[in-house]
Amino acid sequence: GVGLAAIEGLIAERGANGPFKSLEDLCRRVDLQKANKRVLEAMIRAGALDELGPNRATLMARLPDALAAAQQQSRASEAGQNDMFGLAASAKHVDAAVPKVELPEWDEAERLRGENETLGLYLTGHPINRYVMELKDVVSDTLGDLMSESPPPEQNGERAYTPPRKVTVAGLLLGIRKKAGRVILTFDDNTGRMEAVVFEDAFVKYRNVALKDGIYVVEGNVSFDSFNNTWRLNKITDLYGLDALRERRVNRLDIVWDAKTAPADFVPRLKDLLKPHVGGRAAVRVLYHGPQGSVPMPLGDAWRVQPSEALLRRLEAWAGADKVSLNYAQRPMSRPAEAVHA
C-alpha cells in the first residue's frame with residue numbers, strides 16, 4: 001500500500017531536514033499528494049511509524065487531525081497568509097494544535113493482522129504464539145522439527161522408501177489452492193512451514209472448517225515428497241479448529257481464585273461467565289489461594305462447560321491470563337520412521 005514515490009519522498013525529506021519528530025511533524029513535512037492518508041495508514045499498520053507515537057492505535061486515531069492541520073497550514077502558506085511571525089508559529093505549533101488523544105494499543109490479533117496485510121508476514125509475533133503452551137500437550141511434532149529432518153538416503157540415484165509416519169501438528173492456515181484434483185493447504189506454526197495435500201473429494205468434509213488465517217490441528221501422515229524434495233503431510237485423517245479440539249480433548253478448566261487480588265464479587269461473577277457455556281464435557285475447578293492456605297474446589301457436573309475461545313478470552317480478561325488454564329489428555333507420541341530400501 002506504499003508506492004515508490006511516497007517512499008523516496010519520505011527518505012529525501014528525512015535526509016534533508018532530519019528525523020521526523022512526531023506524526024504531526026511528518027504530515028507537515030511530506031508531500032501529502034504522494035504520502036496520502038491511505039499510504040500513512042498502511043505504514044502505521046506495518047509498524048513503520050512506531051517511533052512517532054505511543055502505539056499504533058493512537059497513531060491511527062491521531063492521523064485525521066494531523067493531516068487536517070498539515071493541509072490547513074499548506075493552504076495558508078500557498079495563499080500567502082503567513083507573515084514572518086505566523087510562518088514560524090505555524091511551523092512550530094502544528095503539533096500543539098492537534099488534540100493528543102491516546103488510546104490503548106490494539107490487541108495482538110489486530111496488530112498482527114495489520115502487519116500481515118501490509119507486509120505479507122507477521123513482524124512482532126505470530127497468531128499461534130498465544131496457544132503454544134496449550135498446544136504442547138496436543139501436538140506430536142512442530143513443523144520446524146519435521147521440515148528439518150534429513151531426507152531419506154539415496155541409492156542408485158533414487159530416494160529410499162520411508163514409511164509414512166503418523167503425526168499431529170498445529171498451525172496457522174496461510175493458504176488453500178487446488179492443483180490436479182488435489183487441495184494443497186499451507187500451514188505455519190512459527191517454527192516452520194509445511195504443505196498438506198488432500199484429494200478434492202476427501203476435502204469436501206473440511207470445506208466449511210478450513211478457513212484461511214485460522215489455527216488448526218491436523219492429524220495425518222508425513223512423508224518425504226521426492227518430486228518436490230520436501231517433507232509433506234500427504235494424507236490428512238482429521239482437521240479441526242481450536243474449539244473443536246478443546247471440546248474433544250480438554251478434561252478440565254482451572255481458574256485461580258487469589259483472595260488477595262480477586263474482586264469481592266468473584267463467585268457471582270464467575271457464575272455469570274460460566275453459565276452461557278455449560279453443557280460441555282470439561283469439568284471446572286477453582287484453585288483457591290487464601291491466607292490460611294490453598295485448596296482445590298471442583299465444581300459439580302452441572303457446571304461442566306464447553307471451553308470455547310469466547311469463554312477463555314472472557315475469563316482471561318476478567319481474572320488474568322495467568323489464572324486460567326486447560327488440562328488436556330496425554331498428547332499422542334510420534335513414531336520414528338525407518339528408511340527401507342526398495
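So, is His277 buried or exposed? His277 is buried, with a relative accessible area of 11%. By buried I mean under 20% relative accessible area; exposed is over 50%, and partly exposed is anything in between, using a 1.4 Å probe and protein chains only.

Before I go on, a word on what we're looking at. This is a predicted model, where local features need pLDDT of at least 70 and side-chain atom pairs count only at pLDDT 80 or more, while totals for chains, interfaces and linings use all residues. Residues are numbered from 1 along each chain as its sequence is written, and side-chain values use heavy atoms, with hydrogens and water left out.

Okay, the overall picture. The chain has 342 residues, and 41% of them are buried. It holds 12 helices and 11 strands. Those are DSSP runs, numbered from the N terminus: helices are H or I with at least four residues, strands are E with at least two. Now take the contacts, meaning heavy atoms within 4.5 Å. Of the contacts in the chain with a separation of 6 or more, 67% are between residues 24 or more positions apart.

Back to His277. You'll find His277 in the loop between helix H11 (266-274) and strand S9. Leaving out neighbours within four places in sequence, His277 touches Arg304, Val305, Gln306, Ser308, Ala310, Leu311 and Arg314. Look at Arg304 in particular: Arg304 is 27 residues away from His277 along the chain, yet their C-alpha atoms are separated by 8.3 Å.

Just after that loop, let's follow S9. Strand S9 (residues 278-290) runs antiparallel to strand S10 (residues 293-298), and six bridges join them. For two strands to count as paired, DSSP has to find at least two bridges between them. What connects S9 to S10? A hairpin, through two residues. If you want a spot to click on, Leu287 stands opposite Pro296 in S10.

Next, the start of the chain, with helix H1. H1 covers residues 4-17, so its 14 residues should span 20 Å at 1.5 Å a residue, and the end C-alpha atoms are indeed 20 Å apart. That expected span is 1.5 Å times one less than the number of residues. Which residues of H1 are buried? They are Ala6, Leu10 and Glu13. These cover an arc of only 70° around the axis, so they sit on the same side of H1. The arc, by the way, is that of the directions from the helix axis to the C-beta atoms. On the other side of H1, Leu4, Gly15 and Ala16 are exposed. Helix H2 (23-29) and helix H3 (37-46) are among what covers the buried residues. Right after H1 comes Gly18, with a positive phi, near 95°.

Now for charges. Side chains of opposite charge can pair when their charged atoms come close. A salt bridge here is a side-chain nitrogen of Lys or Arg within 4 Å of a carboxyl oxygen of Asp or Glu. How many are there in the whole structure? The search finds 27 salt bridges.

Let me show you a few. Arg165 and Asp141 make one, at 3.6 Å from N to O. This pair links distant parts of the chain, 24 residues apart: Arg165 is in strand S3 (residues 165-179), and Asp141 is in the loop between helix H7 (132-135) and helix H8 (143-147). Both ends are tucked in, since Arg165 has 7% relative accessibility and Asp141 has 12%.

Another one joins Glu195 and Arg177, at 3.1 Å. Again the pair links distant parts of the chain, with Glu195 in strand S5 (residues 193-199) and Arg177 in S3, 18 residues apart. This time Glu195 is partly exposed at 21%, and Arg177 is partly exposed at 38%.

Then there's Asp254 with Arg252, where the closest N and O atoms are 2.8 Å apart. Asp254 is buried at 7%, whereas Arg252 is partly exposed at 23%. And have a look at the network of salt bridges that links Arg130, Glu134, Asp243, Arg246, Glu309, Arg313 and Glu316.

Last stop: Ser223, in strand S6 (residues 215-225). Ser223 is buried, at 11%. Leaving aside neighbours within four places in sequence, Ser223 is in contact with Pro164, Thr230, Trp231, Arg232 and Asn234.

That's my tour, thanks!
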